Amino acid sequence: ADTFQGNTNSQYQAKVVEKIIDLATGDRGIVVGTLYKDQTMKPSVLDEFAQEFDGLDENDKENKEKGQENRGANEKQFENFCGPTDKLILEDESGRMTLCDLDESVVNSLVTGVVLAVQGTLNNDGEFSVDKENGICFPATPLQPQRELKSPSSSKFVLLVSGLEVGSSTGNPMRFQLLTDYLTGHIGLGSIKHQNLQKDIVRVIVAGNSITKQTLPTQDASAPVDKDAQKKLVAPLKQLDISLAELASAIPVDLMAGASDPVTTTLPQQPIHDCLFPHASRCESTFKKVTNPHEFTTGDAEVTFLGHSGQPIEDLLKYTKGKSPIELMEDTLKWRHVAPTAPDTLPCFPFTEFDPFILDKAQPHVYFCGNQNDFVSKLTKIDTPNGPVETRIVLVPKFSETGLVVLVDINSPTLECSTLSFDA
């Protein structure tokens, strides 16, 4: 508990209880544990399994199909699973207890998987009454590496782009071609200022969903796919390969996987295989296929970037209420966990020795999230005993829908962001 924010004698008078099971009725204390959010509206895999095998005979087949259609329609209506009966439960290796006397806004803002400390009293009903003031405490912010600041005249940029969705029937394919031609120096863009920006871009990060989601021409997955259908399925991938090869010949490119890309959906997503990019993979020194989430350090100032392709924030939006994506990004920094809802509602690999999503080493300088509806940027500041820690949070919009890319000035004192628009 000593590692938690604000844990000073003036704020936290109660004793630290090592295990939940050690609490007795009427005891006052500070308990550290992991949250579980009990939500009646949350989809249940067991319920879906039971509905599939509900024992209906052939005569009821038509009614069953209608019921499945109704359930599907209802699930689409529920984009958020928060409700008035939601409860927060704190658990550790010894037991669990329900947290009570919390404001509805607090319950709506927290999710399963968050590690925190609570201060309060165990009541006669076996529930833990959390103090109104200083009742909840989150882990302390980790240290942040110092970076050497350059003069404003020596601006260098990292370009963030996501949601290329090559092969999409609704997007404009010329946008990606314009972006490629601009970064390779074949065309200018608008004013002299924008034309000069190209030479100052030192790295390109493609944050997931580079390929549009592919669907088989038949619903039967076991049925053979004819050659014409196969060519149609692989055409977007070939187009992406050629464009990335052209990009990587001029500038370093990091390719992250996303929800619609040809990799497993479980986090952390592994790099897309080399065999899918025969042309781009020849640029061994400049074309990197990386994991999602992705962390790297770049520039003379040694700016640390950390980001993902958007799945953790998309999942958090379903189980919180009244929070915007930029606020949830800020919350995950406060919680020191990139994807707290994994593996409860967000699929991830079964790690037993450690959690790869915990921010335990250092606070990133730039924290980005791909495949968002709009571009948003915020410089968040957290006060620590060692001084303030600042992180630039960036929401990267879907390129296929907006035509926008984000430029982060890694030599700026506040890591200023701007956008470039590519619209044919």
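Which residues make a nonpolar surface patch of about 290 Å²? The close-ups below take that up first, then move on to a cavity and a loop histidine, all in a predicted model.

**View 1. Three phenylalanines make a nonpolar patch on the surface.** Here you're looking at Phe349, Phe351 and Phe354, which together make a patch of about 290 Å². Take Phe351 as a way in: this residue sits in the loop that runs between α8 (325-335) and β14 (366-372). With a relative accessible area of 35%, Phe351 counts as partly exposed, because that label covers values between 20% and 50%.

**View 2. A cavity of about 50 Å³.** How many cavities of 30 Å³ or more does the count come to? Just one, and its volume is about 50 Å³. If you'd like to find the walls, look for Lys37, Gln39, Lys42, Val111 and Thr112, along with Tyr319, Thr341, Asp344 and Thr345. Sorted by class, that lining is a mix: four polar residues, three charged and two nonpolar.

**View 3. His279 in its loop.** Is His279 buried, partly exposed or exposed? The answer is partly exposed, as its relative accessible area is 38%. To find His279, go to the loop between β10 (253-256) and β11 (287-290).

**View 4. His279 together with Lys238.** This pair is 41 residues apart along the sequence. In space, the C-alpha of His279 and the C-alpha of Lys238 are 9.1 Å apart.

Terms used. Residues are numbered from 1 along each chain as its sequence is written. This is a predicted model: local features need pLDDT of at least 70, side-chain atom pairs count only at pLDDT 80 or more; totals for chains, interfaces and linings use all residues. Side-chain values use heavy atoms; hydrogens and water are left out. On a 1 Å grid over the protein atoms alone, a cavity is a set of points where a 1.4 Å probe fits but cannot get out, and a pocket is an open set with protein on both sides within 12 Å along at least five of seven lines; lining residues have an atom within 4 Å of a point. Grid points are joined across faces, edges and corners, and a volume is the space filled by probe spheres set on the points. Ala, Val, Leu, Ile, Met, Phe, Trp, Tyr, Cys and Pro count as nonpolar, Asp, Glu, Lys and Arg as charged, and the others, Gly among them, as polar. Patches are made of residues with over 30% relative accessible area and no salt bridge: like charges are joined within 9 Å, nonpolar side chains (Val, Leu, Ile, Met, Phe, Trp, Tyr) within 5 Å. Accessible areas come from the Shrake-Rupley method with a 1.4 Å probe; for residues, only the protein chains shown count as cover. A salt bridge is a side-chain nitrogen of Lys or Arg within 4 Å of a carboxyl oxygen of Asp or Glu. Helices (H or I, at least four residues) and strands (E, at least two) are DSSP runs, numbered from the N terminus. Buried means under 20% relative accessible area, exposed over 50%, partly exposed in between (1.4 Å probe, protein chains only).
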